[in-house]
Amino acid sequence: MVNLGVSIGELKLKNPVIAASGTFGFGREMEKYYDLSNIGGISSKGLTIKPRLGNDVPRVAECDAGMLNSVGLQNPGIEYFIEHELPHMLSYGCVVIANIAGHQFEEYADMAKLLDKTDVDAIELNLSCPNVSSGCMAFGSDASMIRAVTESVKTVTNKPVWVKLTPNVTSVSEMALAAQDGGADAVSLINTLLGMVIDIETRRPVLKNNAGGYSGPGVKPVAVRMVNEVFNSVDIPVIGMGGIMNAADALEFMIAGACAVQVGTANLVIPTACNDIVISMEEWAQNHEVEEISSLTGCLRRW
Ligand SMILES: Cc1cc2nc3c(=O)[nH]c(=O)nc-3n(C[C@H](O)[C@H](O)[C@H](O)COP(=O)(O)O)c2cc1C
């Protein structure tokens with residue numbers, strides 16, 4: 001028998017597989033494919049204070065080894081989520097994480113205050129793209145802002161707070177340490193890599209927004225390296241993602257240092273991806289006589 005259970009700080013998951021934000025909606029579109037209680041958790045679509053329609057289309061495009069998206073945080077707003085989506089999500093029987101994104105510094109704490117009164121299991125701060133009131137610098141690439149916003153959220157909630165990091169920085173471990181200093185309970189990485197695809201016939205960018213976030217198998221080596229680097233830098237749990245398509249990919253992240261993984265783009269290709277990964281992971285562990293899947297976290301051997 002294999003124990004697939006993992007802990008992210010005090011939060012317990014029945015297995016390490018979490019559906020990544022923005023690729024699973026609030027679960028409704030996916031519940032017809034399999035029993036969602038089979039997976040470890042679901043991170044909600046990124047939520048904002050006010051409802052958002054997102055960016056103009058085209059806003060998703062396939063590209064080599066993955067896809068680009070510039071969805072632009074389309075969502076019904078935090079209040080609608082809490083009233084109409086969260087109760088249903090909580091009925092799935094897996095861990096539920098609210099992924100939130102602010103356009104102003106204060107919005108993160110405002111949303112966390114509302115979530116604190118709910119039964120959501122954890123809050124994931126998407127610090128990857130929004131601009132701050134003080135200027136146009138990307139939030140997640142400024143260590144002092146990461147620390148400050150994490151602190152501001154931790155002040156208003158007792159829920160576990162995960163800080164989701166962008167790979168579009170020079171030193172991801174500096175950003176992870178800033179999140180830890182701000183009191184984060186875990187860091188999750190990576191969000192998408194900024195990319196651009198051009199149609200040579202029209203000579204236009206394929207996305208209306210010009211650039212977008214690159215995700216899928218092509219980003220995996222970058223993500224694994226970043227997870228390993230962050231694992232070696234911080235003392236808090238690391239949740240790994242970026243290009244996970246199957247159980248072997250997920251195990252690679254765990255060996256690199258992730259205590260749990262998130263699966264994103266794969267859901268758009270194979271709707272049952274998360275479930276398939278849980279099943280194959282258990283088989284792999286059985287065949288390799290691994291009794292506790294959590295024992296793999298950070299077991300990377302050095303040359
Ligand atoms: C269509 C799409 C929408 C996304 N929306 C969000 C979002 O709202 N919030 C967020 O934190 N990450 C969002 N992401 C990023 C994913 O959660 C994940 O970090 C990234 O895609 C890397 O994982 P993957 O290669 O498995 O997709 C989105 C990704 C995609 C493809």
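Eight salt bridges are found in this structure, which is a predicted model. One of them joins the side chains of Lys154 and Asp185, with a nitrogen-to-oxygen distance of 2.8 Å. Because Lys154 belongs to helix α3 (residues 143–156) while Asp185 sits in the loop between α4 (172–181) and β12 (186–189), this pair ties together parts that are 31 residues apart in sequence. Both partners fall in the middle range of accessibility: Lys154 is partly exposed at 26% relative accessibility, and Asp185 is partly exposed as well, with a relative accessible area of 27%.

A second group of charges is centred on Lys220. This residue forms a salt bridge with Asp249, and the closest N and O atoms of the two are 2.8 Å apart. The bridge links distant parts of the chain, since Lys220 is in helix α5 (residues 220–231) and Asp249 is in helix α6 (residues 247–256), 29 residues apart. Lys220 also meets the side chain of Glu252 in a salt bridge, again with 2.8 Å from N to O. Here too the pair links distant parts of the chain, with Glu252 in helix α6 and Lys220 in helix α5, 32 residues apart. How buried or exposed are the residues that take part? Lys220 has a relative accessible area of 15% and is therefore buried, because the cut-off for a buried residue is under 20%. Asp249, at 10% relative accessibility, also counts as buried, whereas Glu252 is partly exposed, with a relative accessible area of 34%. Elsewhere, Arg147, Glu151 and Asp181 are linked in a network of salt bridges.

Lys45 offers a contrast to these paired charges. The residue lies in the loop between β4 (41–43) and β5 (60–63). Which side chain of opposite charge is nearest to Lys45, and how far away is it? The nearest is Glu124, at 11 Å, and Lys45 has no salt bridge although it is buried. When neighbours within four places in sequence are left aside, the residues in contact with Lys45 include Ser21, Gly22, Phe26, Leu73, Gln74, Asn75 and Asn99.

Leu73, one of those contacts of Lys45, deserves a look of its own for its backbone. Most residues other than glycine have a negative phi, and most peptide bonds are trans. Leu73 is not a glycine, yet it has a positive phi of about 55 degrees. Its place is in the loop between β6 (66–69) and α1 (78–90), and with a relative accessible area of 11% Leu73 is buried. Arg203 likewise has a positive phi, of about 60 degrees, although it is not a glycine. Arg203 lies in the loop between β14 (198–199) and β15 (204–205), but there the residue is exposed, with a relative accessible area of 75%.

The peptide bonds themselves also hold two cases to examine. Val57 and Pro58 are joined by a cis peptide bond, with omega at about -5 degrees, and Pro58 is found in the loop between β4 and β5. The peptide bond from Leu189 to Ile190 is cis too, with omega near 15 degrees, and Ile190 is found in the loop between β12 and β13 (193–196).

Leu189 leads on to Gly240, since Leu189 is among the residues that Gly240 touches, together with Val227, Phe253, Ala258, Ala260, Val261 and Gln262, when residues up to four places away in sequence are not counted. Gly240 is placed in strand β17 (residues 238–241), and at 0% relative accessibility it counts as buried. The C-alpha atoms of Gly240 and Val224 are 7.6 Å apart in space, while the two residues are 16 residues apart in sequence.

These details can now be set within the whole protein, which contains eight helices and 18 strands. Its radius of gyration is 18 Å, close to the 19 Å that the globule rule gives for 303 residues, so the protein is as compact as a globular protein of that length. Along its principal axes the C-alpha trace spans about 50 × 50 × 45 Å. Of the 303 residues, 53% are buried, and among contacts with a separation of 6 or more, 70% are between residues 24 or more positions apart. The protein exposes about 13400 Å², with carbon and sulfur atoms supplying 51% of that area. To return to charge, there are 21 positive and 34 negative side chains, and the centres of the two sets lie 5 Å apart.

Terms used
Residues are numbered from 1 along each chain as its sequence is written. This is a predicted model: local features need pLDDT of at least 70, side-chain atom pairs count only at pLDDT 80 or more; totals for chains, interfaces and linings use all residues. Side-chain values use heavy atoms; hydrogens and water are left out. Helices (H or I, at least four residues) and strands (E, at least two) are DSSP runs, numbered from the N terminus. The radius of gyration is taken over C-alpha atoms; the globule rule is 2.2 Å times the number of residues to the power 0.38. Buried means under 20% relative accessible area, exposed over 50%, partly exposed in between (1.4 Å probe, protein chains only). Contact means heavy atoms within 4.5 Å. Accessible areas come from the Shrake-Rupley method with a 1.4 Å probe; for residues, only the protein chains shown count as cover. Lys and Arg count as positive and Asp and Glu as negative; His and the chain ends are not counted. The place of a charge is taken as NZ of Lys, CZ of Arg, CG of Asp or CD of Glu. A salt bridge is a side-chain nitrogen of Lys or Arg within 4 Å of a carboxyl oxygen of Asp or Glu.
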